[in-house]
Amino acid sequence: METLTSKMPPEATTDQRLEALLAKLTLEEKVRLLTGRDFWTTWPMEKIGLRRMLFSDGPTGVRGEVWDERQPSMNFPSATAISSSWDPAMADRLGAASAVEARRKGVDVVLGPTINLHRSPLGGRHFEAFSEDPVLTAELAAAYVAGVQRNGVGATPKHYVANDSETDRFTVDVLVDERPLRELYLLAFEKAIVESRAWLVMSAYNSVNGATATENELLESPLNSEWGFDGVVISDWTAVRSVDSANASQDLVMPGPDGPWGAELVLAVKCGKVPEASIDRKVLRILQLAARVGALEGFEPAAAEPVDHEDPLAFAREASAAGTVMVKNDGVLPLDPASVAKIAVIGHNALQARTQGGGSATVLPEKIVTPLDGIRTAFGRENVSYSVGAVVQEGVAELPLEQLTNPVTGGPGLRVRFFASTDTELFAEDRRSTALVWFGGDAPIAESSLVQFHTLYTPEETGTIRLGFSTVAHGRIFVDGQLRHEATIVPVGTDLGAAFLAPPSETIPVQVTAGTPIDVRVELDIPNGAGTLSNTLSVTIGTETDNSDPEKLIIEAAKAAREADIAVVVVGTNSHVESEGYDRTTLDLPGMQDRLVHAVAAANPRTIVIVNSGSPVIMPWRHEVAATLIGYFGGQEFGNALADILTGAAEPGGRLPTTWPATQGSVPVLNTTPDAAGKLRYDEGIHLGYRAWLKTGATPAYDFGYGLGYTTWTLDSLEAPVNLAAAAGVLPLAVSLTNTGKRAGKQVVQIYAEKPGSVVDRPVRWLVASTPVWAEPGETVSTVLNVPVRLLAYWDNGWNYEPGKYQLRAGFSVTDLPAAATVVLTP
């Protein structure tokens, strides 16, 4: 097909060629390009050689266009696990691996990274973001973006800006002073834009200082005017609310095809309310994005094929271990499998591990290695017992594929049928999971009034199970042809996304015999062809763990621990605690897990606890156990990575990117709930995270930057120039350290700045640089960390450099800083 660009002279610049395409479009066509075509794609336009572009959620995996277990995705470790590595190279590799996944699935743009800050540990979505510190966040975000875009896929730093909690996320107005906005919340985004040149940025739902993010001046300054952003500002889904936002630097409205722009925006341009030049700028940016990802004919994409790829399973395993933080070890770790006769594995999350957080970032991996799987493989199945100990996961868990038989095909899985009425079948498909979400795809949900799920389930054990379904609909469950239960399940809470992805359950007791199949059929009525969200459906058919006698579960677990050489307890959260759409109400572990750990530790002094949560939890038993590992949401190779650490095949390479409190009451910045007027005030100013802990003098359980390895280190020297001009740009710091232990290992060197006697309010100290280092036993390594001088400045209508002495401290956490150097900053 000949396009206008093919007629351009060869010496024409990219901008000129894009402007030539723009000139070919009518106003109506230009406006059409500014709203998505559907939930995940943009409009194609054949006459200018533009194909559709496909977006996909992707902070720790790329789901693709459909939510379908038959098209599995890699499930990489959560952002908090990646950030705990303190390793930009690891974030870069995650970005590159995500881009390879995206290309495999035909995805042009990955909707990540999430780089909002961990302002309060109650934030429900912190598993998806990096850290409480803006400098560490910025380093990792920039590396991730670089990795994604090097492989020819667009990255989307989100959610711009101050979208740091989930309560009333659509309507909350965040009130934050200019100084913390610049020094903390915008700083976290800056490097991904200025240095990694992100191709997109996602504007948030919330308002900032009275203006919604999609209409906020912050989209122009600093994003465009100061940082030089030349990409597309894409909205969070449904975040654009008015045609007035077209006057802001908001470029693309998602999803489509409906929205507040469209015909109303065409009219606004014709009436002079929105300049056509504003429309042209937005269209040019969308065309430039299309050119970069290979969606615009006649333009060379940034990368025709991925240029950087590796074995994704091996990377997922390595990344999980690199981000696992060991906060205690009395010498019990690492374990020698040959010397351990029996291990008692305890905990609901050992069997039903959380490898990712809940919400829109969910992906469907082909296989998950649970902690129980990994330990059995490493130590021998015959040497490992399992006890649930305490029920954690709420509602039903999907039925294992290997225990399902499709009654139509005879293969593994189930048959799903969509009906317009009880006898008119519209569509049928064979699925390989009983946890199903339709968010795009071929299923005619809008035209259906009933959906039927049918499988044969073969139990592994004899007894009573609780069988049921989780959804938002009126449903019926049949067992061996008999109607056993009928119920209407309504959504809980006001956040539609959370209600859709984590709906309530209904279950019934069913007596089963090991090896004897039962016929299971579930029917759901779909009123008006719509679920919680239009033309979507979410349902899980499965079993619920029996919690009728919680004391018995703890007693059984303690007995198993007493009879074992080693007890490994896996504690953690569930999808009703950490998920998109709502914040946490408590930092306590759900259920009776704390009592469980107390009991197991009392029964066996060689108790190792693995924490399977995406963000901080209170650990009242931490002094009673022999070792504690924070594994976060470790991705689909979580269990293998944990086994590598337990056996010493890998070192726990993580250091905490966020402070872990000893009690909830001691947390200095906690509130995530707006006031009655919908305002959430960031009254703490610049004192966020460890800065607030240092200011108040409260002692957490574990400090920012803390973590143990399997070797020991000394920090031998820190060298810095005595005098430094503000115009120098970079402050070089030379650090030497020695591995004084008996095995190779990793350490994270951290540099903090202090300004004694400052004329303005300053944190006690603040992070300005860090780097991971590796060394063999007895080896001394030296490294140079380049500190941006800008990180010594403060914001007051611009960046101001206070002259005088600055103390630079080097060490291994915010409170373990054995080396120091003084630098005099001159104007």
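This is a short tour of selected strands, helices, loops and residues in a predicted model.

**Stop 1: strands β5 and β8**

Begin by selecting residues 232-235, which form strand β8. Show the side chains and look at which way they point: Val 232 and Ile 234 go one way, while Val 233 and Ser 235 go the other. Are these four residues buried or exposed? Whichever way they point, all are buried.

Now add residues 200-203, strand β5. The two strands run parallel, and 4 bridges join them. To see one of the pairings, pick Met 202 and find its bridge partner in β8, Ile 234.

**Stop 2: two cis peptide bonds**

Stay with β8 and go back along the chain into the loop between β7 (211-212) and β8, where you will find Pro 222. The peptide bond that joins Ser 221 to Pro 222 is cis, with omega at about 20°.

For another cis bond, select Leu 333 and Pro 334; here omega is about 0°. Pro 334 also sits in a loop, the one between β9 (325-329) and β10 (343-346).

**Stop 3: positive phi in two loops**

Next, centre on Trp 86, in the loop between α3 (79-84) and α4 (88-104). Trp 86 is not a glycine, yet its phi is positive, near 50°. Its relative accessibility is 1%, and because anything under 20% is classed as buried, Trp 86 counts as buried.

Then jump to Asp 168, in the loop between β3 (154-155) and β4 (173-175). Asp 168 has a positive phi as well, near 50°, and is likewise a residue other than glycine. How exposed is Asp 168? With a relative accessible area of 42%, Asp 168 is partly exposed.

**Stop 4: an open sheet**

From Asp 168, move on to β4 and colour the sheet it belongs to: an open sheet of 4 strands in the order β7-β6-β4-β27, with mixed pairing. Why is one side of β7 and of β27 (679-681) left without a neighbour in the sheet? Both stand at the edges and each has a single partner strand, so one side of each has no neighbouring strand there.

Inside the sheet, display β4 together with β6 (residues 207-208): the two run parallel and are joined by 2 bridges. Pick Val 174 and look across to Val 208, its bridge partner in β6.

**Stop 5: helices α13 and α14**

Select residues 550-562 for helix α13 and residues 593-603 for helix α14; their axes come within 8 Å and cross at roughly 30°. Angles under 35 degrees count as roughly parallel, and the two helices are therefore roughly parallel to each other. The crossing of α13 past α14 is right-handed.

Turn on side chains where the helices meet. On the α13 side, show Glu 551, Ile 554, Ala 557, Ala 558, Ala 561 and Arg 562; on the α14 side, show Arg 595, Leu 596, Ala 599, Val 600 and Ala 603. Sorted by class, this contact has 8 nonpolar residues, 3 charged ones and no polar ones.

**Stop 6: Val 569**

Finish in strand β24 (residues 566-572), at Val 569. Val 569 has a relative accessible area of 0% and is buried. Which residues does Val 569 contact, leaving aside its neighbours within four places in sequence? Its contacts are Ile 346, Leu 596, Val 597, Val 600, Thr 607, Ile 608, Val 609 and Ile 610. Among these, Leu 596 and Val 600 also appear where α14 meets α13.

Note on methods
Residues numbered from 1 in each chain as written. Predicted model: local features only at pLDDT ≥ 70, side-chain atom pairs only at ≥ 80, totals over all residues. Heavy atoms only, no water. Buried < 20%, exposed > 50% of the residue type's maximum accessible area, 1.4 Å probe, protein only. Pairing = 2+ DSSP bridges. Contact = heavy atoms within 4.5 Å. Axes fitted to C-alpha atoms, helices over the stretch in contact; angles between N-to-C directions. Parallel < 35°, antiparallel > 145°, perpendicular 65-115°, else oblique. Left-handed = near helix turned anticlockwise from the far one by under 90°. Nonpolar A, V, L, I, M, F, W, Y, C, P; charged D, E, K, R; others polar.
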